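The following exercises concern a single protein chain and are to be worked with the sequence and the coordinates at hand. Each task is followed by a solution in steps.

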Amino acid sequence: MWSGESIREAATRPVRFVLVGIANSLAGLAVIYLCKLALGMGDVAANMLGYGFGLVVSFALNAAWTFEYRGVLLSAALRFAAVFLVSYAANLALVLVLIDRRAIDPYIAQAAGIVPYTLIFYALSRTFVFRS
């Protein structure tokens, strides 16, 4: 438990974080599909816009709802971007190691990569991005 945090807050924050992750994933996917279907964009451009939109949704919902952040949003957004890159690097490293060593099926490796990504992103969001 973090300083000044109730047991209820400590229990609900990770759940909120996962729910925000689901919401931003769905929002990003919707933007990707919209860009491809309605605007005729290519896969790379649509993917970049979708993921960018998903990150904005994630930041906004995590700041307002998950962590109830009241600090300076610009500096938190910069920290959030850095934490995303660190978390994504851990995800990608695990996926590539598992695939390279043929330890498991590549599709399972992709799913396994979600674990370090989520744990690192949550821990650093809580202690670094949205710290009180």
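**Exercise 1. A serine in its helix**

In which helix does Ser 87 lie? Determine also its burial, its side-chain polar contact and its contacts remote in sequence.

*Solution.* The model is a predicted one.

Step 1. Ser 87 belongs to helix H3, which spans residues 73-100.

Step 2. The relative accessibility of Ser 87 is 0%. Buried means under 20%, so Ser 87 counts as buried.

Step 3. The side chain of Ser 87 reaches the backbone oxygen of Val 83 at 2.9 Å.

Step 4. When residues up to four places away in sequence are not counted, Ser 87 touches Tyr 117, Ile 120 and Phe 121.

**Exercise 2. The packing of H3 and H5**

Describe how H3 is placed against H5, and state which residues form the contact.

*Solution.* Two packed helices are described by the angle between their axes and by the distance between those axes.

Step 1. Helix H5 comprises residues 114-129, and its axis and that of H3 come within 8 Å. The two axes cross at roughly 155°.

Step 2. Angles over 145 degrees count as roughly antiparallel. H3 and H5 are therefore roughly antiparallel to each other.

Step 3. The crossing in which H3 passes H5 is right-handed.

Step 4. On the H3 side, the residues in contact include Ala 76, Phe 80, Val 83, Ser 87, Asn 91 and Leu 94. Their counterparts in H5 include Ile 114, Tyr 117, Ile 120, Phe 121, Leu 124 and Phe 128.

Step 5. Sorted by class, the contact of H3 with H5 has 16 nonpolar, 3 polar and 1 charged residues.

**Exercise 3. Two further residues of H3**

Are Asn 91 and Val 86 buried or partly exposed? State what each residue touches.

*Solution.*

Step 1. Asn 91 lies in helix H3, and its relative accessible area is 12%. The limit for buried is under 20%, so Asn 91 is buried.

Step 2. Leaving aside neighbours within four places in sequence, Asn 91 is in contact with Gly 113, Ile 114 and Tyr 117.

Step 3. Val 86 is likewise placed in helix H3. At 45% relative accessibility, Val 86 counts as partly exposed.

Step 4. Val 86 touches Ile 120 and Leu 124, again not counting residues up to four places away in sequence.

Step 5. Between Val 86 and Tyr 51 there are 16 Å in space, C-alpha to C-alpha, and the two are 35 residues apart in sequence.

**Exercise 4. H1 against H2 and against H5**

Derive the orientation of H1 relative to H2, and then relative to H5.

*Solution.*

Step 1. Helix H1 (residues 7-37) packs on helix H2 (residues 43-66) at an angle of about 150°, and the axes are 7 Å apart. That angle makes H1 roughly antiparallel to H2.

Step 2. H1 passes H2 in a right-handed crossing. The residues of the contact of H1 with H2 divide into 15 nonpolar, 8 polar and 4 charged.

Step 3. The axes of H1 and H5 come within 11 Å and cross at roughly 120°. H1 is therefore oblique to H5.

Step 4. The crossing of H1 and H5 is right-handed. H1 contributes Arg 13, Pro 14 and Phe 17, and H5 contributes Thr 118, Phe 121, Tyr 122, Ser 125 and Arg 126.

Step 5. The contact of H1 with H5 has, by class, 4 nonpolar, 2 polar and 2 charged residues.

**Exercise 5. A loop residue with positive phi**

Where does Glu 68 lie? Give its backbone angle phi and its accessibility.

*Solution.*

Step 1. Glu 68 is located in the loop between H2 and H3.

Step 2. Its phi is near 45°, a positive value in a residue other than glycine.

Step 3. With a relative accessible area of 36%, Glu 68 is partly exposed.

**Exercise 6. The chain as a whole**

How many helices and how many strands are there in the protein chain? Give also its extent, its buried share and its contact pattern.

*Solution.*

Step 1. The protein chain has 5 helices and 0 strands, and its elements run α-α-α-α-α from the N terminus on.

Step 2. Along the principal axes, the C-alpha atoms fill a box of roughly 45 × 40 × 25 Å.

Step 3. Of the 132 residues in the protein chain, 30% are buried.

Step 4. Among contacts between residues at least 6 apart in sequence, 62% join residues at least 24 apart.

Key. Residues numbered from 1 in each chain as written. Predicted model: local features only at pLDDT ≥ 70, side-chain atom pairs only at ≥ 80, totals over all residues. Heavy atoms only, no water. Helix = DSSP H or I, 4+ residues; strand = E, 2+ residues; numbered from the N terminus. Buried < 20%, exposed > 50% of the residue type's maximum accessible area, 1.4 Å probe, protein only. Polar contact = N/O pair within 3.5 Å; in protein donor to acceptor, adjacent residues only side chain to side chain. Contact = heavy atoms within 4.5 Å. Axes fitted to C-alpha atoms, helices over the stretch in contact; angles between N-to-C directions. Parallel < 35°, antiparallel > 145°, perpendicular 65-115°, else oblique. Left-handed = near helix turned anticlockwise from the far one by under 90°. Nonpolar A, V, L, I, M, F, W, Y, C, P; charged D, E, K, R; others polar.
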